[in-house]
Amino acid sequence: QVQLVESGGGLVQPGGSLRLSCAASGTVSAINAMGWYRQAPGKQRELVAIITSTGSTSYAGSVKGRGTISRDKNTVSLEMGSLKPEDTAVYYCNAAGYVTAQRRSFENWGQGTLVTVSS
């Protein structure tokens, strides 16, 4: 089991930038990938970016070129620029992995942090 605590977010003007961070604790050695998802009002949760334990990254088309996901030990960060009102959403940190000794996979979520892009 992994616990995730997000920070960052808030109100950002259009064209501005943000940095979200997520600190993981618990069985962090079993994490295979960490990522950021977002859910806008009335919409389904969607992937924003993901980074694997080997450092491979993947981005949603809507943020490609505007976002960078990175991982430093047990913290994963997301930096996004050129923000648009449609980037407004609750952003969730996600960690997925496998505990070999228990032969089980897991997926944990943070509590979410609200990002509002508005003038």
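Here is a short chat about a predicted model, covering a disulfide, one leucine and a pocket.

Trainee: How many disulfides are there in this model?
Mentor: Look for cysteine sulfurs within 2.5 Å of each other, since that's the cut-off for a disulfide. Cys22 and Cys93 pass, with S to S at 2.1 Å. The count comes to one disulfide.

Trainee: Which strands does the Cys22 and Cys93 pair link?
Mentor: The two cysteines sit 71 residues apart, so the pair links distant parts of the chain. Both Cys22 and Cys93 are buried, and their link is left-handed, with -85° about the S-S bond. Cys22 belongs to residues 18-26 and Cys93 to residues 89-99, which gives strands β3 and β9.

Trainee: Is Leu114 buried, exposed or partly exposed, and why?
Mentor: Leu114 lies in strand β11, residues 113-117. Leaving out residues up to four places away in sequence, Leu114 touches Gly9, Gly10, Ala89 and Val90. Buried needs under 20% relative accessible area and exposed needs over 50%. Leu114 comes in at 49%, so the label is partly exposed.

Trainee: How far apart are the C-alpha atoms of Leu114 and Ala89?
Mentor: Along the chain, Leu114 and Ala89 are 25 residues apart. Ala89 is one of the residues that Leu114 touches. Their C-alpha atoms are separated by 6.0 Å.

Trainee: How many residues lining the largest pocket are charged?
Mentor: That pocket holds about 170 Å³ of space. Its lining includes Arg38, Lys43, Glu46 and Asp87, along with Ala40, Gln44 and Ala89. Split by type, the lining has two nonpolar and three polar residues, and the charged ones number seven.

Definitions and conventions. Residues are numbered from 1 along each chain as its sequence is written. This is a predicted model: local features need pLDDT of at least 70, side-chain atom pairs count only at pLDDT 80 or more; totals for chains, interfaces and linings use all residues. Side-chain values use heavy atoms; hydrogens and water are left out. Helices (H or I, at least four residues) and strands (E, at least two) are DSSP runs, numbered from the N terminus. Buried means under 20% relative accessible area, exposed over 50%, partly exposed in between (1.4 Å probe, protein chains only). Contact means heavy atoms within 4.5 Å. On a 1 Å grid over the protein atoms alone, a cavity is a set of points where a 1.4 Å probe fits but cannot get out, and a pocket is an open set with protein on both sides within 12 Å along at least five of seven lines; lining residues have an atom within 4 Å of a point. Grid points are joined across faces, edges and corners, and a volume is the space filled by probe spheres set on the points. Ala, Val, Leu, Ile, Met, Phe, Trp, Tyr, Cys and Pro count as nonpolar, Asp, Glu, Lys and Arg as charged, and the others, Gly among them, as polar.
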